[in-house]
Amino acid sequence: MSGRLKIGVLTGGGDCPGLNPAIRAVVHRATAGGHEVVGILDGWKGLATVGAPLTRPLDRAAVHGIQAQGGTMLGSSRTNLLKREGGLDAAEANMRALGLNALIAIGGDDTLSVAAGLAKRGAAVNAIPKTMDNDVWGTEGCLGFDTAANIVTEALDRIATTTASHHRVAVVEVMGRDAGWVAAWGGLAGGAHAILIPEVEFTAAALDELVAKLKARRAIGDGSSIIVVSEGVKLPAAGSTTTSVPLDEFGHPRLDKVAVGDALATILEERSGLEVRCTRLGHLQRGGAPTAADRVLGTRYGVAAVEALEAGRLGVMVALKGGAIVEVPLAEVGGKNRSIDLSYPPLFPHFD
Ligand code: F6P
């Protein structure tokens with residue numbers, strides 16, 4: 001795209017550490033190129049607010065020091081403009097009213113599906129993948145994942161000492177709706193004895209095996225065990241447990257209401273006769289300062305997204321492939337998840 005651009009930037013979906021470094025990089029690279037940046041507040045909701053889009057100007061002073069901060073300085077929401085009557089029309093109208101000739105959307109698969117919808121209608125939209133779940137299709141790295149995996153690792157280190165002192169079993173529930181990246185990375189780094197992820201069906205036989213393993217560990221005097229479970233794992237015979245829980249605008253069940261960790265702890269206590277405690281790490285995994293890796297990735301993505309706009313490569317998501325930044329057509333990203341490659345031996349199923 002030639003000339004001076006007025007670029008909007010927004011963050012949508014669940015927040016995570018790494019968003020602020022990406023926003024900062026967008027602002028630094030864009031202003032260095034002579035462009036102007038406008039922050040859209042609260043994701044797609046802010047852009048589609050009829051007659052009064054929620055915005056704030058962004059210059060270098062506005063983003064000073066934010067690389068060290070978690071969350072998003074722009075706010076976020078789970079707003080699905082594809083489902084809202086006239087949602088995309090309102091977003092386009094507001095882009096025109098604000099004089100925006102380009103937009104950078106930072107989000108997970110839901111936010112990016114809306115970005116793809118706008119791009120399909122001709123808007124100049126590029127995207128940056130984020131989600132601590134790390135499951136956006138088309139990239140090997142999402143903002144927020146490294147920080148979350150580190151937080152889980154540290155939590156397991158702490159849970160291990162109290163669990164060992166009391167010769168208990170600890171069930172640690174971590175986020176991961178469709179993919180078990182956080183459970184797998186955090187669990188392996190933290191020395192978990194079992195890791196349950198959504199990609200591997202937790203069958204009745206696997207439950208039997210887990211109970212037997214816990215008892216066997218106790219029998220040989222290895223008094224404590226740690227089990228990491230992704231929130232998206234379905235327990236055997238649990239049936240359709242997610243039907244009565246509230247759904248978000250994208251149709252996802254509120255998995256904190258399902259509380260698979262608590263249910264698993266109850267079953268294991270009954271079946272093994274051991275004392276079991278459950279800890280749900282919840283939003284601790286999404287809070288606080290980003291790691292160096294998330295700051296660097298956010299910075300690389302922010303720069304690359306602006307450079308793609310400048311070069312007229314539109315409707316793309318910047319992505320990580322083999323350590324390099326590449327571009328993937330947004331149209332290919334939606335509706336798919338990047339699952340863990342189950343051929344990684346000897347990780348899955350992982351019963352240590
Ligand atoms: O953004 C993905 C995610 O972190 C999921 O792992 C989790 O199920 C969900 O967000 C929780 O969302 P909320 O903060 O809206 O409860």
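## Around the ligand

Let's start at glycine 176, where a polar backbone atom sits 3.4 Å from an oxygen atom of the ligand. Keep in mind that this is a predicted model. Two side chains also reach ligand oxygens: an N or O atom in the side chain of glutamate 231 is 2.6 Å from one, and a polar side-chain atom of arginine 78 lies 2.7 Å from one.

Who else is there? Besides Gly176, Glu231 and Arg78, the residues around the ligand are Thr131, Met132, Asp133, Met175, His283 and Arg286.

## Two domains

Step back and the protein splits into two parts. Domain 1 is made of residues 6-143 plus 290-332, while domain 2 covers 147-286. Their C-alpha centres are 33 Å apart. Where the two touch, domain 1 puts in 19 residues and domain 2 puts in 17.

## Where the domains meet

An interface's size is often given as the accessible area lost when the parts come together. Between domain 1 and domain 2, about 1,700 Å² is buried, and carbon and sulfur atoms give 49% of that. On the domain 1 side, the residues that lose the most area to domain 2 are Arg78, Met132 and Asp133, which together make up 38% of what that side buries. Those names may ring a bell: Arg78, Met132 and Asp133 are also among the residues around the ligand.

There's some polar chemistry across this interface too. The rule finds two salt bridges between domain 1 and domain 2, along with nine residue pairs in polar contact. Which helix gives the largest share of the side of domain 1 that touches domain 2? That's helix α4 (residues 109-120), with three residues. Sorted by class, this side of domain 1 has eight charged, six polar and five nonpolar residues.

## Salt bridges

Across the whole model, the count comes to 17 salt bridges. One of them joins the side chains of arginine 286 and aspartate 15, at 3.2 Å from N to O. Arg286 is a residue we've already met, as one of those around the ligand.

Another salt bridge pairs the side chains of glutamate 154 and arginine 158, with N and O 2.9 Å apart. Both partners belong to helix α5 (residues 145-165). Glutamate 154 and arginine 158 are four residues apart there, about one turn of the helix.

Notes
Residues numbered from 1 in each chain as written. Predicted model: local features only at pLDDT ≥ 70, side-chain atom pairs only at ≥ 80, totals over all residues. Heavy atoms only, no water. Domains from an automatic or database assignment. Contact = heavy atoms within 4.5 Å. Buried area = accessible area lost by both parts, 1.4 Å probe. Salt bridge = Lys/Arg side-chain N within 4 Å of Asp/Glu carboxyl O. Polar contact = N/O pair within 3.5 Å; in protein donor to acceptor, adjacent residues only side chain to side chain. Helix = DSSP H or I, 4+ residues; strand = E, 2+ residues; numbered from the N terminus. Nonpolar A, V, L, I, M, F, W, Y, C, P; charged D, E, K, R; others polar. Near = heavy atom within 4 Å.
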